[in-house]
Amino acid sequence: MTTSNTLPGIQFRPPYDKAEVKLVTRGKGSWYTIDGVKHQRVTTVLNKAVPKPGLVPWARNEALASAQRAMELHIGDGNTYTSDFAITQEWIDNVMVQARSRPDEVKDAAADWGTRAHACIAAMLRDQNMDAVPEWTPDLAPALDGFLAWQAQEGITVLDVERTVWDSNLKVAGTCDGIGRDRHGCLVVWDNKTGKALYPEMALQVSAYTWMLDSLLPASGLPRAFIVRLPHTAPENPSDAFEAREVNHLIYCWHLFQDAWRLGQGLESKDLWR
């Protein structure tokens, strides 16, 4: 989507203000180049180092539920299979194929919803006409309303959206969902999430954005850092319009992110074995 940024924007200090920044996507992988030099994504660093044990039982449950639904379609009123249905090897094979693919289908649908929500929030903050935004559909309204509720609570004046920041020493880069100032004039960095929960590694992610942004700006004081989780459906209680957490110890979280980076680098080293 091509957009015109009507926000005042953040100005990096020289020479970073002249850097050429590109996001490169190849297949299912992606990374940034800063002045032609490859930089890992912040999320790639964390995915390598931080295990996600909950994904395995979640995928198993989705696959089993898919198989159960397929079988229940052929159960009659007496909880026995209908007389006109025969279990064949072909039917079993089809059920298994659908069950195996179900977790990816659910994950892809959620990722698509989240991607579109991010794009529409950015467009809204640029004061675009939402009817002209290709990603916009009415089912995204709860996410946009949730973000506006958080913005009002913190008194955020938005300065920039989707701004890429980087660290040339670690060769790591990422894109902030937004940068602004709160009602007291403090700089604020945030990242929007559309999943079912907030996780500790998210604090490391937004802390990395915050520290990298601070290194690229003129002296301005370390920003505040937030993760804002937005709902898929309109909540019954207006107080549940969003869930937001502010990072408590930015320095500690930045050090943890660097530890994650070192772990990822070490696990890919060719020197682990004789």
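**Figure 1. A look into the second largest pocket of this predicted model.** This pocket has a volume of about 240 Å³. Its lining is made up of 14 residues, and the ones nearest the centre are Tyr199, Pro200, Ala203, Arg245 and Glu246. Three elements each give two or more residues to the lining: α5 (200–216), β7 (224–229) and β8 (243–246). Helix α5 hands over the largest share, with four residues. Sort the lining by class and you get ten nonpolar residues, three charged ones and one polar one.

**Figure 2. The largest cavity, seen from its lining.** How many cavities of 30 Å³ or more does the structure hold? There is one. About 50 Å³ of space lies inside the largest cavity. Rolling a probe the size of a water molecule over the atoms is how empty space like this shows up. Around the largest cavity you'll find His118, Ile121, Ala122, Val161, Glu162, Asp177 and Asn192. Helix α3 and strand β4 (157–167) each supply at least two of these lining residues, and α3 gives the most, with three. The mix here is three nonpolar, two polar and two charged residues.

**Figure 3. Helix α3 from end to end.** Helix α3 runs through residues 89–125, which makes 37 residues. At 1.5 Å a residue, a helix like that should span 54 Å, and the C-alpha atoms at its ends are indeed 54 Å apart, so the two values agree. That doesn't rule out a bend along the way: have a look at Ser101, where α3 has a kink of about 35°. The proline Pro103 comes shortly after that kink. Past the helix, check out Asp127, which follows α3 and has a positive phi, near 65°.

**Figure 4. Cysteines without a partner.** How many disulfides does a search of the whole structure find? The count is zero. Take Cys176, which is in no disulfide: the nearest cysteine sulfur belongs to Cys253 and is 15 Å away. Cys176 is buried, because its relative accessible area is 1% and buried means under 20%. Now move to Cys186. The closest cysteine sulfur to the one in Cys186 is that of Cys176, at 17 Å, which is too far for a bond because a disulfide needs the two sulfurs within 2.5 Å. Is Cys186 buried or exposed? Neither, quite: Cys186 is partly exposed, with a relative accessible area of 37%.

**Figure 5. The cis peptide bond between two prolines.** Zoom in on Pro14 and Pro15. The peptide bond from Pro14 to Pro15 is cis, and its omega is near 0°. Where does Pro15 sit? Pro15 is in the segment before strand β1 (21–26).

**Figure 6. Two loop residues with a positive phi.** Start with Asp35, in the loop between β2 (29–34) and β3 (37–41). Asp35 isn't a glycine, yet its phi is positive, at about 50°. Then hop over to Lys171, in the loop between β4 and β5 (172–181). Lys171 is another residue other than glycine with a positive phi, this time near 55°. Lys171 is also partly exposed, because its relative accessible area of 40% lies between the 20% limit for buried and the 50% limit for exposed.

Key: Residues are numbered from 1 along each chain as its sequence is written. This is a predicted model: local features need pLDDT of at least 70, side-chain atom pairs count only at pLDDT 80 or more; totals for chains, interfaces and linings use all residues. Side-chain values use heavy atoms; hydrogens and water are left out. The expected span of a helix is 1.5 Å times one less than its number of residues. The bend at a residue is the angle between axes fitted to the seven residues ending there and the seven starting there. Buried means under 20% relative accessible area, exposed over 50%, partly exposed in between (1.4 Å probe, protein chains only). On a 1 Å grid over the protein atoms alone, a cavity is a set of points where a 1.4 Å probe fits but cannot get out, and a pocket is an open set with protein on both sides within 12 Å along at least five of seven lines; lining residues have an atom within 4 Å of a point. Grid points are joined across faces, edges and corners, and a volume is the space filled by probe spheres set on the points. Ala, Val, Leu, Ile, Met, Phe, Trp, Tyr, Cys and Pro count as nonpolar, Asp, Glu, Lys and Arg as charged, and the others, Gly among them, as polar.
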